[in-house]
Amino acid sequence: MAGIDYSERIPNNVSLADNRRLQRALEEWHPKFLDWWMQMGPDGFQAKDVYLRTAVSVDAQGWAQFDYVKMPEYRWGLFLAEPEAGRTIGFGDHMGAPAWQDVPGEYRGVLRRLIVTQGDTEPASVEQQRHLGRTCPSLYDLRNLFQINVEEGRHLWAMVYLLDAYFGRDGREESEALLQRRSGDRDKPRILGAFNEKTPDWLSYLMFTYFTDRDGKYQLASLAESGFDPLSRTCRFMLTEEAHHLFVGETGIGRVVQRTCELMREAKTDDVRRLGGIDLATLQRYINFHYSVSLDLFGSEISTNAANFYTMGLKGRFEEGKKRDDHRLKDTTYAVSELTGDRITTREAPALPSLNERLRDDYIADCQRGLDRWNQVIKKHEIDQELRLPHRGFHRAIGLFAEVKVAPDGRVLSEAEWDARKHEWLPTEADQAYVESLMQPVTEIARFANWIAPPARGVNGRPVEFEYVRLA
Ligand SMILES: [Fe+2]
Ligand SMILES: [Fe+2]
């Protein structure tokens, strides 16, 4: 069961061969996916051999195999985590009932929307990153970019499988639409705001993989709690792949910080731009931007949708299974932010409609861990500075804080104050132009761009100086 059948056109562990209707639907979708990949996937590298991992099993140990693959030949497939015998619904009104193996009729529309919204982010990020290959800081980084891209493609497959297998004709229409929307397109944009932003350079990309992919982790983790078992199992396996994306973001930014500190020490200055590095002040502005747009992805502080998803048993809390309460939350409260004049305070709100805020809190704590690690790097270089997460109200477009302007330290500002100071806090055009000027491709084996340190180790036990992408 854990093994994946690679003799089929679509590798899978869902016994696809036994379901001819579904198999046909997916085989019809496959060439359309490939068309989309060729049009919107990594620009300029489709014919190159890339040292990629491919899922070969859903076991925690040894689930992946590494080899050179041309990206369009990547074996995208359908992999669900092993079923849990006797699994029951862990929260909401249906708590304790057997997990659903089919879509509960009354929740069909809501569930489809949840799956489509998650599914839409996957191809969106591939589209956002499609030009980055041309300015890679090393072959190692280039390979990691492509690994993430093919896996986001596989995550699209994972959601399309659910749509095609469980939602009939509507599901097939949604599968088509997932290939038709385009990141940043005015007429057919992707569903969520952050996925229509540009990822114009590698610093933005590393920030995206740290902050925005981490939103993905929290969304997937709460969908992994779902009472709809196929969704739960799909998301559990996706989380295994997602961990690598977060690793790329965390170590990537860590390596930039490392290089910045080396240059600061060498030249005894904060102004490392002269030396072709990215100064800490610029890094801080990029953090502020990517963190704040990612916070918006969790939605409004108070949300009846979030309450309904939970009560219906469709979307749980982060690590729902580990929590020791009644898993219904009808009589409990949760602390959410509140604006009182120009002061930000908290109040106790009913727990169910506050679930977005709770998930955002889990996310914020997780984000802080990376900052702590980067600050360790700065400290090791005996530099007396710190990177910080801005206040949750900073630069927000959704929810309570969309109405006000908030400084990184949490002070509520007048429009005039905000306008006068926002360039200190968000990447300016000059920052972007500078970062862009650094984006010169480095493609010799074992060489790295000057603005980023080499990684501590290579991929899958290979040395750092390995030909991760064959460009010749
Ligand atoms: Fe993904
Ligand atoms: Fe991801």
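**Exercise 1. Determine whether Glu319 is buried, partly exposed or exposed, and describe its backbone and place.**

Step 1. The relative accessible area of Glu319 is 35%. Step 2. Buried means under 20% relative accessible area, exposed over 50%, and partly exposed in between (1.4 Å probe, protein chains only). Glu319 is therefore partly exposed. Step 3. Although Glu319 is not a glycine, its phi is positive, at about 55 degrees. Step 4. Glu319 belongs to the loop between helix H8 (304-311) and strand E3 (333-340); helices (H or I, at least four residues) and strands (E, at least two) are DSSP runs, numbered from the N terminus.

The model is predicted: local features need pLDDT of at least 70, side-chain atom pairs count only at pLDDT 80 or more, and totals for chains, interfaces and linings use all residues. Residues are numbered from 1 along each chain as its sequence is written, chains are lettered from A and ligands numbered from 1 in the order in which they are written, and side-chain values use heavy atoms, with hydrogens and water left out.

**Exercise 2. Carry out the corresponding analysis for Asn460.**

Step 1. Asn460 is a residue other than glycine, and its phi is positive, near 55 degrees. Step 2. Asn460 is found in the loop between helix H11 (429-438) and strand E7 (469-470). Step 3. Because its relative accessibility is 45%, Asn460 counts as partly exposed.

**Exercise 3. Identify the residues that coordinate the iron ion (ligand 1), and state how they are placed in the chain.**

Step 1. Donors are N, O and S atoms within 2.8 Å of the metal (3.2 Å for Na, K and Ca); water is not among the atoms, so sites may look incomplete. Step 2. The iron ion (ligand 1) is coordinated at 2.0 to 2.2 Å by Glu122 (OE), Glu152 (OE) and His155 (ND1). Step 3. Along the chain, these donors follow the spacing E-x29-E-x2-H. Step 4. Glu122 lies in helix H2 (residues 108-128) and Glu152 in helix H3 (residues 139-166), so the pair ties together parts that are 30 residues apart in sequence. Step 5. Glu152 also coordinates the iron ion (ligand 2), which is 3.5 Å from the iron ion (ligand 1). Step 6. Glu122 counts as buried because its relative accessibility is 3%; Glu152, with a relative accessible area of 2%, is buried.

**Exercise 4. Classify Arg20 as buried or exposed, and locate it.**

Step 1. Arg20 lies in helix H1. Step 2. Arg20 counts as exposed because its relative accessibility is 55%.
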